[in-house]
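Dear colleague,

I am handing over the structure below, with notes on what was found in it. Please read the notes with the model open.

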Amino acid sequence: MSHGQEVGPVTRARLSPRKRQQVSRGVQYAIFAAAVLFIALSADWKAVVENFADLDVAKEAFPELITIALKNTVIYTLSAYVVGFILGLVVALARLSSIAVYRGFALAYIEVFRGLPALVVFLIFGFGLPVAFPGLKFPFDQYGTVAVALGLVASAYMAETFRAGIQAVPRGQMEAARSLGMSHTRAMVSIVIPQALRIVIPPLTNELILLFKDSSLVFVLGVTSLTTELSKFGGDLATEYADSTPLILAGAAYLVITLPLGYVVRRLEAQQQKAR
């Protein structure tokens, strides 16, 4: 090659961003498929079926899984949700109050019950308070204890949700209501709070899902065969038969409730985003 000969630039084929994304996605799919194939080939499927899908053991879980365990789980969850909803709204209004004492109490309440694990609150209400106050009993016995203990924890989170929803309502709504002669309380109840509730429906539904799972902590109070919930029921049967099938059934029962609720949350969030 002579010194006077020019070497043309080397043309390199470069992938477009879209092509690179397709290649990257294909590699991820291949890795995932390889992992699934490895698990499928290495697993002892006979042992898996015997330990997680034993039909004979599954039959022993019915109908009590539905008529007792699931029913109690729903009762615990809904009762705690009602308590949390009412207390959370009251605490949120106190948090936004112009009176410093109310704001301070609400802030302390929220920080304490958000900071304490739900398990500790259950232990306090189940064992601590009855010792400190002999003869103390909640209405409906254990159902009432769960409703109050779990409801207090939920109310701290709901209070912040309500506060955010109320503050999201334009100030002009309150000013317009006051200009029509409404008192601050009436304007808050009739105008602001209804709008705030529509705004916070998705996070409140998420809180319901969390409460449904947190109801599994009821076991620390010492449940009976008539007050047991899904996790305790599945765990006891799994121990009795030395088989994990009851736990799978209990998990499936949780998903029957939580998956539709999760879908509702996504739909509500999508509708709110479209409305903006």
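**Second largest pocket**

The second largest pocket is lined by Phe125, Gly126, Phe127, Pro130, Leu136, Lys137, Phe138, Asp141, Gln142, Thr145 and Leu221. Please bear in mind that this is a predicted model. The volume of this second pocket is about 190 Å³. Two helices, H6 (118-132) and H7, each give at least two residues to the lining. H6 has the largest share, with four residues. Sorted by class, six of the lining residues are nonpolar, three are polar and two are charged.

**Largest pocket**

The largest pocket has a volume of about 550 Å³. Its lining is made up of 18 residues, and those nearest the centre are Leu96, Ile166, Met174, His184 and Met188. Three helices each contribute at least two lining residues: H7 (142-168), H8 (171-179) and H9 (184-214). Of the helices, H9 provides the largest share of this lining, six residues. The lining comprises 11 nonpolar, five polar and two charged residues. H7 thus appears in the lining of the largest pocket and also in that of the second largest.

**Annotated spans**

The UniProt record, an unreviewed entry, places "transmembrane region" features at residues 26-43, 74-94, 115-136, 142-159 and 247-266. Two of these spans can be compared with the model. Residues 74-94 are 100% helix and 0% strand, and the C-alpha atoms at the two ends of that span are 30 Å apart. For residues 115-136 the helix content is 73% and the strand content 0%, with the end C-alpha atoms 25 Å apart.

The same kind of record, again unreviewed, assigns residues 70-265 to "domain: ABC transmembrane type-1". In the model that span is 80% helix and 0% strand, and its end C-alpha atoms lie 22 Å apart.

**Aromatic pairs**

How many aromatic pairs does the count give? The count comes to seven. In one of them, tyrosine 81 and phenylalanine 85, the ring centres are 6.4 Å apart and the planes meet at 40°, so the pair is tilted; the tilted class lies between the limits of 30 and 60 degrees. Both residues belong to helix H4 (residues 64-95), where they are four residues apart, about one turn of the helix. Tyrosine 81 counts as buried because its relative accessibility is 17%, under the 20% limit. Phenylalanine 85 has a relative accessible area of 26% and is therefore partly exposed.

Phenylalanine 212 and tyrosine 254 make up an edge-to-face pair, with 5.4 Å from centre to centre and 80° between the planes. This pair links distant parts of the chain, since phenylalanine 212 is in helix H9 and tyrosine 254 is in helix H11 (residues 245-275), 42 residues apart. Are phenylalanine 212 and tyrosine 254 buried or exposed? Both phenylalanine 212 and tyrosine 254 are buried.

There is also an aromatic cluster, formed by Tyr81, Phe85 and Phe162. Tyr81 and Phe85 come from H4, while position 162 falls within the range of H7 (142-168). H9, which carries phenylalanine 212, is also the helix with the largest share of the lining of the largest pocket.

Regards

Definitions and conventions
Residues are numbered from 1 along each chain as its sequence is written. This is a predicted model: local features need pLDDT of at least 70, side-chain atom pairs count only at pLDDT 80 or more; totals for chains, interfaces and linings use all residues. Side-chain values use heavy atoms; hydrogens and water are left out. UniProt positions are given in the numbering used here, feature names are shortened, and annotations may be inferred rather than shown by experiment. On a 1 Å grid over the protein atoms alone, a cavity is a set of points where a 1.4 Å probe fits but cannot get out, and a pocket is an open set with protein on both sides within 12 Å along at least five of seven lines; lining residues have an atom within 4 Å of a point. Grid points are joined across faces, edges and corners, and a volume is the space filled by probe spheres set on the points. Ala, Val, Leu, Ile, Met, Phe, Trp, Tyr, Cys and Pro count as nonpolar, Asp, Glu, Lys and Arg as charged, and the others, Gly among them, as polar. Rings of Phe, Tyr and Trp (its six-membered ring) pair if their centres lie within 6.5 Å; planes under 30 degrees apart count as stacked, over 60 as edge-to-face and the rest as tilted. Buried means under 20% relative accessible area, exposed over 50%, partly exposed in between (1.4 Å probe, protein chains only).
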